[in-house]
2 protein chains.
Amino acid sequence: MPELRKDPILGQWVIIARERRKRPYDFVIKEEKTKGGFCPLCPGNEHTTPPEVLAYGRPAYSPDGPGWTLRVVPNKFPALVIEGDLNKEGEGIYDKMNGIGAHEVIIETPRHDETISMMSHDQLIQLFWAYRDRMVDLGNDSRFRYIMVFKNFGQAAGASLEHSHSQLIALPIVPYRIQEEIKSSLRYFEYKERCVFCDIIHQEKVQNLRIVCENNDFITICPFAPRAPFEMWVMPKRHQSSYVSMGDAEFHSLTDLFLETMKRLDRALPGVPYNYMLHTAPIRTPSLEYYHWHIEIMPKVTMIAGFEWGTGFYINPTPPEESAEFMRDIVLD
Amino acid sequence: MPELRKDPILGQWVIIARERRKRPYDFVIKEEKTKGGFCPLCPGNEHTTPPEVLAYGRPAYSPDGPGWTLRVVPNKFPALVIEGDLNKEGEGIYDKMNGIGAHEVIIETPRHDETISMMSHDQLIQLFWAYRDRMVDLGNDSRFRYIMVFKNFGQAAGASLEHSHSQLIALPIVPYRIQEEIKSSLRYFEYKERCVFCDIIHQEKVQNLRIVCENNDFITICPFAPRAPFEMWVMPKRHQSSYVSMGDAEFHSLTDLFLETMKRLDRALPGVPYNYMLHTAPIRTPSLEYYHWHIEIMPKVTMIAGFEWGTGFYINPTPPEESAEFMRDIVLD
């Protein structure tokens with residue numbers, strides 16, 4: 001079983017993922033990544049994944065068969081496992097707990113080569129619905145405190161499979177970065193009685209320097225203090241703390257703007273590896289006045305090096321005003 | 001001039017490094033890294049670097065000439081610049097300051113191909129003295145609050161030059177990660193009246209599971225909650241909050257143990273890219289009971305992906321007990 005261990009100095013948790021276990025010697029023999037070849041996520045190979053937990057596009061009475069348009073399966077090499085009770089224990093001054101959680105793979109499309117920027121509105125909106133459906137379902141499990149949805153695209157961004165997919169990890173704790181984000185947003189709210197994200201949207205509209213694109217309900221900006229070139233945040237304009245509170249019309253709006261954002265990214269930097277992360281309020285929290293859900297997109301064009309590791313401080317060679325202008329000026333057909 | 005910008009939510013600063021400026025289009029045309037070819041750090045090319053600030057091994061009256069055994073020069077493409085006064089200002093809800101600081105390159109050896117694990121004791125001890133000399137000198141500049149010494153080795157770890165070198169950045173603020181480390185260590189001290197790092201060393205000696213190597217004065221361990229496989233910390237056994245407090249004998253001991261550690265790493269994973277970072281107390285602070293300087297070594301064998309970006313939470317496929325055993329069992333000649 002995987003194990004969660006707490007850094008005794010910073011209090012940050014790490015997952016020692018025994019199920020994904022690499023013995024030290026595995027790093028000596030470099031892994032060969034096979035491009036092409038067998039794909040466990042392609043239609044026809046459904047039996048090679050763990051049994052699905054959700055599928056769209058075909059009758060529910062034929063699980064793990066073909067005909068689906070989107071499919072969600074447990075990760076075959078999970079960072080956390082779903083069976084068991086949560087056990088917290090000490091080891092001298094150290095703290096650990098067993099790695100209870102869920103780790104799922106959202107297979108975004110049956111077409112092996114279809115990336116997000118190539119998708120139709122109908123295909124992409126299914127993905128956003130699937131995020132919601134899985135969050136609602138896993139939110140019923142009282143052992144979990146947070147669900148992080150994310151996507152790794154391209155080998156340099158950590159993707160080990162080519163076929164377009166997202167992932168989701170349900171965690172027994174609210175992770176450090178989200179905790180800090182919530183704490184800081186609350187501090188801002190206590191001082192100003194306004195949501196800091198709403199204030200950011202307001203200022204971005206006034207300054208009009210870092211907006212990439214927008215529609216009625218959503219806006220994509222390059223943030224003022226980005227960790228890397230082309231970092232982008234997609235935010236709902238109306239205050240909303242949780243992704244799962246979105247209504248039907250907002251799903252359509254989000255799909256439109258996200259698709260436009262990803263098309264701009266793909267035209268600007270063809271095939272660039274990227275990560276995106278859905279930041280939303282912890283599960284089973286009521287609507288929060290001070291927190292605002294959003295998606296952070298991090299194209300992978302620079303590297304984390306010693307300075308960033310040591311300081312937690314990023315050196316970014318490209319001002320966000322230039323990144324935003326470059327993205328904004330892309331002509332979409 | 002570079003600019004420091006504060007993330008309005010997390011309060012973390014980033015450096016928008018205009019001097020290292022990459023226009024968005026620069027990312028479209030992939031940089032070609034030339035292996036071999038002209039090296040600005042090699043003897044004979046001293047005139048191609050900014051004028052040196054320190055050199056060992058040759059008379060001081062012939063700066064920027066040949067004959068040196070170690071040389072320190074300002075970075076030609078600095079993330080921060082040394083001239084100017086510190087200006088803090090707001091931009092609506094955002095905060096920024098101009099990028100005042102120092103960014104130096106420590107050329108560790110005149111021999112282009114000599115990596116740390118190949119160095120003699122005499123060569124490596126010079127490097128540790130150079131870190132100290134530069135920290136003491138820059139510590140006299142009242143605009144600076146922190147000096148981070150770090151090394152990027154190998155392209156995948158962010159090194160843009162092959163020739164063995166470290167770097168140093170003097171900052172006008174204490175960076176986030178160091179602040180957190182100090183705050184957390186203080187909290188532990190207030191509760192236990194002991195240094196958390198001293199307690200870690202004690203427990204590691206008792207458990208004897210994660211020690212890589214040690215001598216009288218220093219110990220190398222794989223930490224209990226490592227962010228990645230083979231992460232190692234080199235720590236003085238005697239409590240000491242600042243690197244610059246070390247005495248002559250300790251410099252020799254550190255050199256011995258660090259050399260052994262790097263040889264083990266190189267034998268275990270030949271040529272593996274890595275970063276290391278020197279964590280020490282902020283400049284001009286008196287000796288602290290609760291903080292303990294150390295060097296963190298991060299071999300680059302895994303990747304930061306969406307989950308880590310989103311949560312600040314690392315997934316590590318290799319328990320530190322296994323990493324330590326693997327390193328410990330390497331036979332050195």
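Analyst: To compare the two chains, copies are superposed by least squares on the C-alpha atoms of residues with pLDDT of at least 70 in both. What you see is a predicted model, in which local features need pLDDT of at least 70, side-chain atom pairs count only at pLDDT 80 or more, and totals for chains, interfaces and linings use all residues. Residues are numbered from 1 along each chain as its sequence is written, while chains are lettered from A and ligands numbered from 1 in the order in which they are written.

User: Happy with that! What makes the relation of chain A to chain B that of a two-fold axis?

Analyst: A turn of 180° with a shift of 0.0 Å along the axis lays chain A on chain B, at an RMSD of 0.0 Å. That is why the relation is called a two-fold axis. Of the residues of chain A, A:Ile304 comes closest to the rotation axis, its C-alpha lying at 4.2 Å.

User: How do you know which surface each copy uses?

Analyst: By counting contacts: two residues are in contact if their C-beta atoms, placed from the backbone, lie within 7 Å. Chain A gives 74 residues to the contact and chain B gives 74 residues. The largest share of chain A's side is 7 residues from helix α2 (residues 176-192) of chain A. Of the contact residues of chain A, 100% recur in chain B, and the same surface serves both copies.

User: What makes a residue on chain A's side of that contact nonpolar, polar or charged, and how many fall in each class?

Analyst: Ala, Val, Leu, Ile, Met, Phe, Trp, Tyr, Cys and Pro count as nonpolar, Asp, Glu, Lys and Arg as charged, and the others, Gly among them, as polar. By that rule, chain A's side has 43 nonpolar, 17 polar and 14 charged residues.

User: Why is B:Glu322 called buried?

Analyst: A residue is buried if 20 or more other C-beta atoms lie within 10 Å of its own, exposed if 12 or fewer, and partly exposed in between, with C-beta atoms placed from the backbone. B:Glu322 has 20 other C-beta atoms within 10 Å, so the residue is buried. B:Glu322 sits in helix α6 (residues 320-328) of chain B. Beyond its neighbours within four places in sequence, B:Glu322 is in contact with A:Arg23 and A:Pro24. On chain A, the buried residues of helix α6 include A:Glu322 and A:Phe326.

User: What makes β15(A) and β2(B) a strand pair?

Analyst: Strands are DSSP runs of E of at least two residues, helices are runs of H or I of at least four, and both are numbered from the N terminus. Two strands pair if DSSP finds at least two bridges between them. β15(A) and β2 (residues 13-16) of chain B have 3 bridges and run parallel. One of the partners is B:Val14 in β2(B), opposite A:Tyr314. Likewise, 3 bridges join β2 of chain A to β15 (residues 314-316) of chain B, where A:Val14 has B:Tyr314 as its bridge partner.

User: Why are β15(A) and β5(B) edge strands?

Analyst: The open sheet of 5 strands has the order β15(A)-β2(B)-β1(B)-β6(B)-β5(B), with mixed pairing. β15 of chain A and β5 (88-91) of chain B each have a single partner strand, so one side of each is left without a neighbour in the sheet. Within this sheet, β5(B) and β6(B) pair in the antiparallel sense over 4 bridges, and B:Lys88 stands opposite B:Met97. In their hairpin, with 2 residues between the strands, B:Gly92 takes a positive phi near 65°.

User: How do you know at what angle α1(A) and α4(A) pack?

Analyst: Axes are lines fitted to C-alpha atoms, for helices over the stretch in contact, and angles run from 0 to 180 degrees between N-to-C directions. For helix α1 (residues 121-138) of chain A and α4(A) the angle is about 115°, with the axes 9 Å apart. Among the residues that meet are A:Leu124 and A:Phe128 in α1(A) and A:Phe251 and A:Leu259 in α4(A). By class, this contact has 8 nonpolar, 3 polar and 1 charged residues.
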